[in-house]
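Biologist: Hello! I'd like a close look at the charged side chains that pair up in this model, and at what lies around them. Please take your time and connect the pieces as you go.

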Amino acid sequence: MHGTHWILGVHITDRIGHVSEVQTVLSKYGCNVKTRLGLHEVDEGFCSKNGLIILELFGEEKLCGELRDNLAAIKGVDVKEMVFEHPE
């Protein structure tokens, strides 16, 4: 993936209910995650059950595809991807 930025948006509709499955997949492919940003709505009286994780991937395209597919296979998880190619 040299010269490529592969970004995944991972929307979790039941963050608390699916956290262990999502974390298991992220841990399995931890060496393929260059950047991870977690977002969810929270304030003093409220913590949203929905969440969004932005991932910047690194490494072999096959493994990054497996990561994407394994996350997408989890009930309540929707995955979108963006791929930006850069000339060498």
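Modeller: Happy to. Let's begin with a cut-off: a residue is called exposed when its relative accessible area is over 50%, buried when that area is under 20%, and partly exposed in between. Lysine 80 has a relative accessibility of 56%, so lysine 80 is exposed. Please keep in mind that this is a predicted model.

The partner of lysine 80 is aspartate 78, and their side chains form a salt bridge with an N to O distance of 3.9 Å. Aspartate 78 reaches 37% relative accessibility and is therefore partly exposed. This pair is one of 4 salt bridges counted in the model.

Another of them joins glutamate 81 to arginine 68, where the closest N and O atoms are 3.3 Å apart. Because glutamate 81 sits in strand E6 and arginine 68 in helix H2, this bridge ties together parts that are 13 residues apart in sequence. Both partners are partly exposed: glutamate 81 has a relative accessible area of 40%, and arginine 68 has one of 23%. The pair also belongs to a network of salt bridges that links Arg68, Asp69 and Glu81.

Staying on helix H2, we find lysine 62 and glutamate 66, whose side chains meet in a salt bridge at 2.7 Å, N to O. The two are 4 residues apart in this helix, which means that about one helical turn separates them. Lysine 62, at 57% relative accessibility, is exposed, whereas glutamate 66, at 25%, is partly exposed.

Now turn from these charged side chains to the nonpolar ones. The largest nonpolar core has 18 residues, and those touching the most other members are Val10, Val22, Leu55, Leu57, Leu67 and Leu71. At least two residues of this core come from each of strand E1 (4-12), helix H1 (15-28), strand E5 (51-57), helix H2 (61-72) and strand E6 (77-85). Strand E1 contributes the most, with 4 residues. H2 and E6, the two elements tied by the bridge between arginine 68 and glutamate 81, are thus both among the suppliers of this core. Leucine 67 shows how the parts come together: setting aside residues up to four places away in sequence, leucine 67 touches Val25, Leu26, Tyr29, Val33 and Leu57.

A polar residue is worth a stop here. Asparagine 32 lies in the loop between H1 and strand E2 (33-39), yet with 9% relative accessibility asparagine 32 is buried. Beyond its neighbours within four places in sequence, asparagine 32 contacts Glu56, Leu57, Phe58, Gly59, Glu60, Leu63 and Cys64. Leu57 is therefore a shared contact, touched by asparagine 32 and by leucine 67.

One last part to look at is the largest pocket, with a volume of about 180 Å³. Of its 13 lining residues, Ile12, Arg15, Val19, Arg36 and Ile53 are the closest to the centre. H1, E2 and E5 each give two or more residues to the lining, and H1 gives the most, with 5. By character, the lining divides into 6 nonpolar, 5 polar and 2 charged residues. So H1 and E5 turn up in two places, in the core and in the pocket lining.

Definitions and conventions
Residues numbered from 1 in each chain as written. Predicted model: local features only at pLDDT ≥ 70, side-chain atom pairs only at ≥ 80, totals over all residues. Heavy atoms only, no water. Core = buried A, V, L, I, M, F, W, Y, C linked by side-chain atoms within 4.5 Å. Buried < 20%, exposed > 50% of the residue type's maximum accessible area, 1.4 Å probe, protein only. Contact = heavy atoms within 4.5 Å. 1 Å grid on protein atoms, 1.4 Å probe; cavity = no way out; pocket = protein on both sides within 12 Å on 5 of 7 lines; lining within 4 Å. Points joined across faces, edges and corners; volume = space filled by probe spheres on them. Nonpolar A, V, L, I, M, F, W, Y, C, P; charged D, E, K, R; others polar.
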